[in-house]
Amino acid sequence: MLSRMALVDQWQVIQSNLPEGWNTAQLRLTADDQPARVAAMLASAGAGRHGSVVTFTVGRGGVGSSPDLVRRLLARLDAERLGGELALAAPVASAIPPEARVRTPPLAEQWLQAQAALPADWSDVYAELELASSDYLERGALLIAPVNPARVKGRLAYRFRVARRQGYGASGEMTQRCLERLDGERITGRFRVLWALSDTKPVYTQGPVWYVGGRAV
């Protein structure tokens, strides 16, 4: 009796046959043994189980679990010899024609665009950086550490302050350099300004204080 192909290899075959420009695909894994254990190990990919069948979604650009995450999870199943048959559970989402795709600017460029939209006398900014994939969280946090980012609970996002001349927050130049580091490693996402103040003049303090959920940020 021939042994079944490893799950990682099955995924590579499926991925190689997906249409160019695909964005999401739903996968079905029929477990040979211990389906509850298989579903638990795929929980971070949003897996659901019905009997011995475990389904989950893989996608690109922040939709579903990233292909790299799926590959790592399947490799763990292979390492524990929890095999099965992997297949597409539904038709692949229609690819977006190249002419219809919206280009997302690099993060450093998004910061420059955000600055251009601010008043000429802006002094303080509370910003948010939302990453496109959970794969980017740890590396992204390391690369932007100089801006003192705070993780947003339940989201793939960090928030931090930017000070133009003085006070709390990273400088605009440091913010630019940190975002350029992300761009250099092809870490994508969305940058936006949540709040901004103009021409603040601190007195007996280093700068203004914002409160979110009753806590100073």
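Mentor: Angles here run from 0 to 180 degrees between N-to-C directions, and axes are lines fitted to C-alpha atoms. The model is predicted.

Trainee: Helix H6 lies across E5, E7 and E8; at about what angle does H6 run to E7?
Mentor: H6 covers residues 172-184 and lies across the three strands E5, E7 and E8. The angle is taken between N-to-C directions. For H6 against E7, the value is about 150°.

Trainee: In what order do the four strands of the sheet with E5 and E8 stand?
Mentor: This sheet is open and its pairing is antiparallel. Strand E6 (150-151) and strand E8 (189-198) have a single partner strand each, so each has one side without a neighbour in the sheet. The order is E6-E7-E5-E8.

Trainee: How many bridges join E5 to E8?
Mentor: E5 spans residues 122-131 and runs antiparallel to E8. Glu 128 stands opposite Arg 192 in E8. The bridges joining E5 to E8 number nine.

Trainee: Which helix lies across E5, E7 and E8 at about 25° to E8?
Mentor: The strands it crosses include E7, residues 157-163. The helix covers residues 107-117. It is H4.

Trainee: In the other open sheet, which strands stand at the edges?
Mentor: That sheet has four strands in the order E2-E3-E1-E4, with antiparallel pairing. Its twist averages 25° from one strand to the next. An edge strand has a single partner strand, so one side is left without a neighbour in the sheet; this holds for E2 (48-50) and E4 (84-88).

Trainee: Which residue in E3 stands opposite Thr 30?
Mentor: E1 and E3 run antiparallel and are joined by seven bridges. The residue of E3 opposite Thr 30 is Val 53.

Trainee: H3 lies across E1, E3 and E4; at about what angle does H3 run to E3?
Mentor: H1 also lies across E1, E3 and E4, running at about 15° to E4. For H3, the angle to E3 is about 150°.

Trainee: Are H1 and H3 roughly parallel or roughly antiparallel to each other?
Mentor: Their axes lie 8 Å apart and the packing angle is about 150°. Angles over 145 degrees count as roughly antiparallel. H1 and H3 are therefore roughly antiparallel.

Trainee: Which residues of H1 make the contact?
Mentor: On the H3 side, the contact includes Pro 67, Val 70, Arg 71 and Leu 74. On the H1 side, the residues are Leu 7, Val 8, Trp 11 and Gln 15.

Trainee: Which element gives the largest share of the largest nonpolar core?
Mentor: This core has 25 residues, and Trp 11, Leu 42, Leu 74, Leu 77 and Leu 86 touch the most other members. Elements giving two or more residues are H1 (7-16), E1 (24-31), H2 (35-41), E3 (53-59) and H3 (67-79). The largest share is five residues, and it comes from H3.

Trainee: How many residues does the second, separate core have?
Mentor: Its members include Trp 111, Val 125, Leu 129 and Leu 137. The second core is separate from the largest one, and its residues number 23.

Trainee: What percentage of the residues of the protein count as buried?
Mentor: Residues count as buried under 20% relative accessible area. The protein has 217 residues, with six helices and 10 strands. The buried share is 35%.

Conventions:
Residues numbered from 1 in each chain as written. Predicted model: local features only at pLDDT ≥ 70, side-chain atom pairs only at ≥ 80, totals over all residues. Heavy atoms only, no water. Buried < 20%, exposed > 50% of the residue type's maximum accessible area, 1.4 Å probe, protein only. Core = buried A, V, L, I, M, F, W, Y, C linked by side-chain atoms within 4.5 Å. Pairing = 2+ DSSP bridges. Contact = heavy atoms within 4.5 Å. Parallel < 35°, antiparallel > 145°, perpendicular 65-115°, else oblique.
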